Structures are given as C-alpha cells and as structure tokens.
Amino acid sequence: WQAAQVRPLLAIGASSVAQALCAHWGASVAPAAPLAPAPGPVFLLAGSLSPVTRRQRDLALSYVQMPVDAARLAADPAYGDTQAEAIAAHLLAGRSVLASTAPGAGAAAADVPPAVVAAATATFLTRILQRAPVGRLGIAGGDTSSRAVQALDLWGLSYLGAPSPGVALCRVHSDDAALDGIELMLKGGQMGSDDLFERLIHGG
C-alpha cells in the first residue's frame, strides 16, 4: 500500500493478498457504521466450498438451509425450477433461505465445467428473484457472484459499505422494479467473518 501511494501498482496473488490489504485498511481508517437489520427475509446463495464459507454456513442458524446440486442445475432445467419454487415459497412466507450448491455424485459432476455450473447457478438465482423479490441478497463465491451479477438485469451498483473485511454491500440499480434497490452482498469464498451470514439478517 505504501508503494501504491508513490506510483500505480498491480498486485497479483491469492485471496490472502486482498485479505492483508483489507486488514491494513481496517486498521488505518475509522470503523464502518454497523450493518442495519434486513428489511425482510434474506436470500443467500453460497457457491463457494471454501473453509471460510463453510464455517459461515455452519453458523447461519437463522436460515432455512437448502443444499442444491450444482451439476443437476446445469443438466436439468426442471430440477432448477423445482428448487426455485421451494426456495421462493420459504421467502414469501417470511423465512430467510441459504441455498448452498453441492457437488453432484460421481463422474457426472466432474464432467461439468465450472463455468457452466456458475452460469447455471446464476440462471437459478434469477428464477428465484422473479418468484420472490427480496430486500437483501447475498452471493458467496467469486465465480458465482460474478456470473450472477452478469445474469441479473442491472445497470449499476452503488457501494454502501463493507460489513466485513473483503466483503462489499451494494445497492442494486435496475430498470426492473423487482430488482432496483436490493441490498446486495458480494464476497469471495475466503472472505468475511464467521458470523457474516447471521449479521446479514440481524445486523450488527
């Protein structure tokens, strides 16, 4: 960071590079305002299988947790529709939902390229939001979040804050009234505090 104050600097490395930089920023700036409680049920899509995201998921006791087979999402549109309907029913009833994509069984999962899985997961997200719009949405996983944002009908994002180091909370801008104004949390698999998913609901 000191070198970047002198001249432009491109840093390439693992997510630990971003974690170290965010930790430095966190130590040198005033703390961010606390995250407000969600205005209604939260939908959280976890496409990352990293240990950090796994801990966050294990501590997310305020959600209805629904495992989703990522390989089947890519191979079977009817499966995605069924899962989207079930998740939307919980959200419409006021229950927050955490959907985590799990690898499929056997060789079938290995035969599906990660980019195809990420694209299918993004389509799955749009199906859910069409059925049950939410006020706050979270997407965990680098590939998953980048594909999902591209799949949604957005024209912009406004930065609202960082509820945890390396995690961004943004406001969605879209010509689609069902999407415009959603608070969107985006994070890579290795980012965020262990209680991040719970705080998306309850604030803090």
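Reader: Let's start with Gly141. Where is Gly141 found?

Author: Gly141 sits in the loop between strand 4 and helix 7 (142-151). Do keep in mind that this is a predicted model.

Reader: What makes Gly141 count as buried?

Author: Buried means under 20% relative accessible area. Gly141 has 5% relative accessibility, so Gly141 counts as buried.

Reader: How far is Gly141 from Thr53 in space?

Author: Their C-alpha atoms are separated by 8.4 Å, although Gly141 and Thr53 are 88 residues apart along the chain.

Reader: Thanks! Now the whole protein. How many helices and strands does the protein have?

Author: The protein has eight helices and seven strands.

Reader: Why is the protein called as compact as a globular protein of its length?

Author: Its radius of gyration is 17 Å, and the globule rule gives 17 Å for 204 residues. The two values are close, so the protein is as compact as a globular protein of that length. Along the principal axes, the C-alpha atoms fill a box of roughly 55 × 40 × 35 Å. Buried residues account for 43% of the 204 residues.

Reader: On to charges. How many salt bridges does the structure hold?

Author: The structure holds seven salt bridges. As general background, side chains of opposite charge can pair when their charged atoms come close.

Reader: What makes the pair Glu85 and Arg131 a salt bridge?

Author: A salt bridge needs a side-chain nitrogen of Lys or Arg within 4 Å of a carboxyl oxygen of Asp or Glu. For Glu85 and Arg131 the N to O distance is 3.0 Å, so the pair meets the definition of a salt bridge. This salt bridge links distant parts of the chain: Glu85 belongs to helix 4 (residues 77-92) and Arg131 to helix 6 (residues 114-131), 46 residues apart.

Reader: Are Glu85 and Arg131 buried or exposed, and how do you know?

Author: Partly exposed lies between the buried limit of 20% and the exposed limit of 50%. Glu85, at 45% relative accessibility, therefore counts as partly exposed. Arg131, at 28%, also counts as partly exposed.

Reader: Which residues are linked with Glu85 and Arg131 in a network of salt bridges?

Author: Asp81 and Arg127 are linked with Glu85 and Arg131 in that network.

Reader: What makes Arg136 and Glu183 a salt bridge?

Author: The cut-off is 4 Å between nitrogen and oxygen. The closest N and O atoms of Arg136 and Glu183 are 2.7 Å apart, so this pair qualifies as a salt bridge. Arg136 in strand 4 (residues 136-140) and Glu183 in strand 7 are 47 residues apart, and the pair links distant parts of the chain. Both residues, Arg136 and Glu183, are buried.

Reader: And how do you know that Arg199 and Asp195 form a salt bridge?

Author: The closest N and O atoms of Arg199 and Asp195 are 3.4 Å apart. The limit is 4 Å, so the two residues form a salt bridge. Arg199 has 14% relative accessibility and so counts as buried, whereas Asp195, with a relative accessible area of 37%, is partly exposed.

Reader: Why is Phe197 called buried?

Author: Phe197 has a relative accessible area of 0%, so Phe197 is buried. Its place is helix 8 (residues 196-202). The C-alpha atoms of Phe197 and Ser158 are separated by 21 Å, with their positions 39 residues apart along the chain.

Reader: Let's turn to the surface. Which residues form a negative surface patch?

Author: Asp153, Asp175, Asp176 and Asp180 form it.

Reader: What makes Asp180 suitable for such a patch?

Author: Patch residues need over 30% relative accessible area. Asp180 has 40%, so Asp180 passes that cut-off. Asp counts as negative, which fits the sign of the patch. Asp180 lies in the loop between strand 6 (167-173) and strand 7 (183-187). From Asp180 to Leu157, 23 residues apart along the chain, the C-alpha separation is 9.8 Å.

Reader: One last residue: why is Pro51 called partly exposed?

Author: Pro51 has 40% relative accessibility, so Pro51 counts as partly exposed. Pro51 lies in helix 2 (residues 51-58). Pro51 and Ala177 are 36 Å apart in space, C-alpha to C-alpha, and 126 residues apart in sequence.

Note on methods:
Residues are numbered from 1 along each chain as its sequence is written. This is a predicted model: local features need pLDDT of at least 70, side-chain atom pairs count only at pLDDT 80 or more; totals for chains, interfaces and linings use all residues. Side-chain values use heavy atoms; hydrogens and water are left out. Patches are made of residues with over 30% relative accessible area and no salt bridge: like charges are joined within 9 Å, nonpolar side chains (Val, Leu, Ile, Met, Phe, Trp, Tyr) within 5 Å. Accessible areas come from the Shrake-Rupley method with a 1.4 Å probe; for residues, only the protein chains shown count as cover. The place of a charge is taken as NZ of Lys, CZ of Arg, CG of Asp or CD of Glu. Helices (H or I, at least four residues) and strands (E, at least two) are DSSP runs, numbered from the N terminus. Buried means under 20% relative accessible area, exposed over 50%, partly exposed in between (1.4 Å probe, protein chains only). The radius of gyration is taken over C-alpha atoms; the globule rule is 2.2 Å times the number of residues to the power 0.38.
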